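Reader: Hi! I've just opened this one and could use a friendly guide. Mind if I ask you a few things?

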Amino acid sequence: MSNVNELTEEQLYQRYEQLKAQLERYKSENMTLDMSRGKPSPDQLSLSEEMLALLTADELITDDGLDTRNYGQLDGIPEAKSWFASILEVAPSQVIVGGNSSLSTMHDTVARGLLKGVEEEAKPWSSYPSIKFLCPSPGYDRHFAICEFLGIDMIPVDMTNEGPNMDQVEALVLEDETIKGIWCVPKYSNPEGVTYSEAVVKRLASMKTKATDFRIFWDNAYVIHHLTDTPDSLVSILEEAKKAGYPNRPYVFSSTSKVTFPGAGISAFVSSPDNIAFTKKQLSFQTIGADKINQLRHIRFFEKIGGVEELMKKHAAIIKPKFDLVIDTLQQKLGNKNIATWTEPNGGYFISVNTENGCAARVVALCKEVGLTLTGAGATYPYGKDPLDRNIRIAPSFPTLEELQKAMNVFCDCIELAAIEGKVEKSKA
């Protein structure tokens with residue numbers, strides 16, 4: 001069918017009735033489909049099962065003689081620090097290795113900023129009447145949830161195809177001392193799939209801020225999650241900030257959550273030497289160290305399989321056909337109808353779809369009626385409020401290809417029905 005906006009009134013009504021009938025057929029199938037979260041599929045989890053039986057009792061000593069069964073090594077075993085350093089292109093001394101969740105590390109880092117400040121001479125953020133974070137949007141809902149939970153005001157800034165709108169960012173941070181941070185997913189961003197350009201990284205690193213304790217929360221979750229043989233490249237925020245004279249500005253986070261097991265991976269906090277020393281001092285009151293046995297298990301597994309790159313190629317072989325299916329179905333069913341646009345990322349876990357303005361919530365509701373669960377409309381914006389009610393995040397990784405095809409057929413038909421409903425209602429008025 002051609003451009004929906006060019007249909008006659010009679011054609012609109014005819015198509016409207018066809019789509020309503022199709023939805024009733026979907027309902028009769030009693031589907032239970034879920035594309036709400038970026039979860040690895042069972043096939044992906046199976047790729048790392050060998051790791052579970054890798055270490056025996058006499059293999060729990062690190063290369064430098066540390067017994068991983070006991071207390072100690074607050075910042076992680078040397079092997080794990082070196083591994084994260086290699087994928088994030090930093091010195092091992094700039095790495096603290098933690099537990100399975102980088103999100104927990106981000107939460108704790110924000111909380112410590114509120115309670116104790118971010119450096120020895122800085123005031124606690126909580127000493128201000130209010131503080132704010134910049135939130136490139138569409139963005140990661142769990143970043144926004146941290147701010148909302150901890151009472152931090154959020155300021156949306158627009159995402160472009162190169163990263164955050166830096167004109168907006170620079171203007172805001174220059175004038176407001178209470179803006180203390182910005183959330184960034186710099187590579188294959190959630191949900192847009194954008195990798196920040198060199199120009200954007202350099203501007204973030206060097207921009208003038210009224211707050212001397214401003215921090216960039218650099219969630220490099222998808223640093224090795226490529227879907228093609230020509231992956232995106234990302235300039236080092238730590239190097240650029242150091243060159244610009246703001247070495248303590250970036251906080252970098254990463255993990256193996258979608259590399260091995262999301263519930264049993266390892267994570268990293270990476271920053272300047274000063275930030276690492278300050279953070280280790282604070283962490284010493286919180287923990288004696290993360291699970292060192294799990295850290296060693298990961299490193300020995302990566303060594304045994306010939307490096308993490310080989311594992312990531314296997315992940316891509318499972319995920320890429322699902323991304324292709326989503327994009328192909330969007331193109332086939334909606335490509336010439338002028339009612340939706342979508343991203344085609346080179347990596348990561350998400351595809352971002354924009355409906356016509358005012359339609360996203362209706363699409364999600366229609367999908368739910370027939371058994372398809374999506375990320376909530378508005379979830380990719382602070383406070384769950386998409387000002388244009390148009391963005392929907394698609395997470396293709398977990399369903400099988402057969403389930404995914406059913407889900408995408410439902411999704412595309414619901415987008416078209418939501419768009420046509422609005423036009424039919426206008427014609428009735």
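Reader: Let's start with the largest cavity. Which classes of residue make up its lining?
Author: Happy to help! This is a predicted model, and in it the lining of the largest cavity has nine nonpolar residues, four polar ones and no charged residues.

Reader: Nice. What volume does the largest cavity have?
Author: About 90 Å³. P136, G139, Y140, W183 and V185 are the closest to its centre, out of 13 lining residues. Helix α5 (141–150) and strand β6 each supply at least two residues of that lining.

Reader: And how many cavities of 30 Å³ or more are there?
Author: Three cavities reach that mark. The second largest has a volume of about 60 Å³.

Reader: Which residues line the second largest cavity?
Author: Among them are T109, R112, Y251, F269 and Q282. Helices α4 and α9 (273–283) each give at least two residues to the lining. By class, this lining has four nonpolar residues, five polar and one charged.

Reader: Switching to the open spaces: how much room is in the largest pocket?
Author: The largest pocket holds about 520 Å³ of space. It is lined by 22 residues, and G38, Y140, R142, S257 and K258 are the closest to its centre.

Reader: Which element gives the most to that pocket's lining?
Author: That's α4, with three residues. The lining as a whole divides into nine nonpolar, eight polar and five charged residues.

Reader: OK, new topic, the sheet. What order do the strands come in?
Author: The sheet is open, with eight strands in the order β2-β9-β8-β7-β6-β3-β4-β5 and mixed pairing. β2 (95–98) and β5 (163–164) are the edge strands, and each has a single partner, so one side of each has no neighbour in the sheet.

Reader: Do tell me about β7 and β8: how many bridges join them?
Author: Four, and the two strands run parallel. Within that pairing, W218 has V252 of β8 as its bridge partner.

Reader: α4 came up earlier. Which strands does helix α4 lie across?
Author: α4 (residues 102–116) lies across β3, β6, β7, β8 and β9, at about 155 degrees to β8. Helix α3 (residues 78–88) lies across β2, β8 and β9, and runs at about 115 degrees to β2.

Reader: Last one: which residues does the "coiled-coil region" annotation cover?
Author: Residues 9–36, according to an unreviewed UniProt entry. In the model that span is 71% helix and 11% strand, and its end C-alpha atoms lie 35 Å apart.

Conventions:
Residues numbered from 1 in each chain as written. Predicted model: local features only at pLDDT ≥ 70, side-chain atom pairs only at ≥ 80, totals over all residues. Heavy atoms only, no water. Pairing = 2+ DSSP bridges. Contact = heavy atoms within 4.5 Å. Axes fitted to C-alpha atoms, helices over the stretch in contact; angles between N-to-C directions. UniProt positions renumbered as here; feature names shortened; annotations may be inferred. 1 Å grid on protein atoms, 1.4 Å probe; cavity = no way out; pocket = protein on both sides within 12 Å on 5 of 7 lines; lining within 4 Å. Points joined across faces, edges and corners; volume = space filled by probe spheres on them. Nonpolar A, V, L, I, M, F, W, Y, C, P; charged D, E, K, R; others polar.
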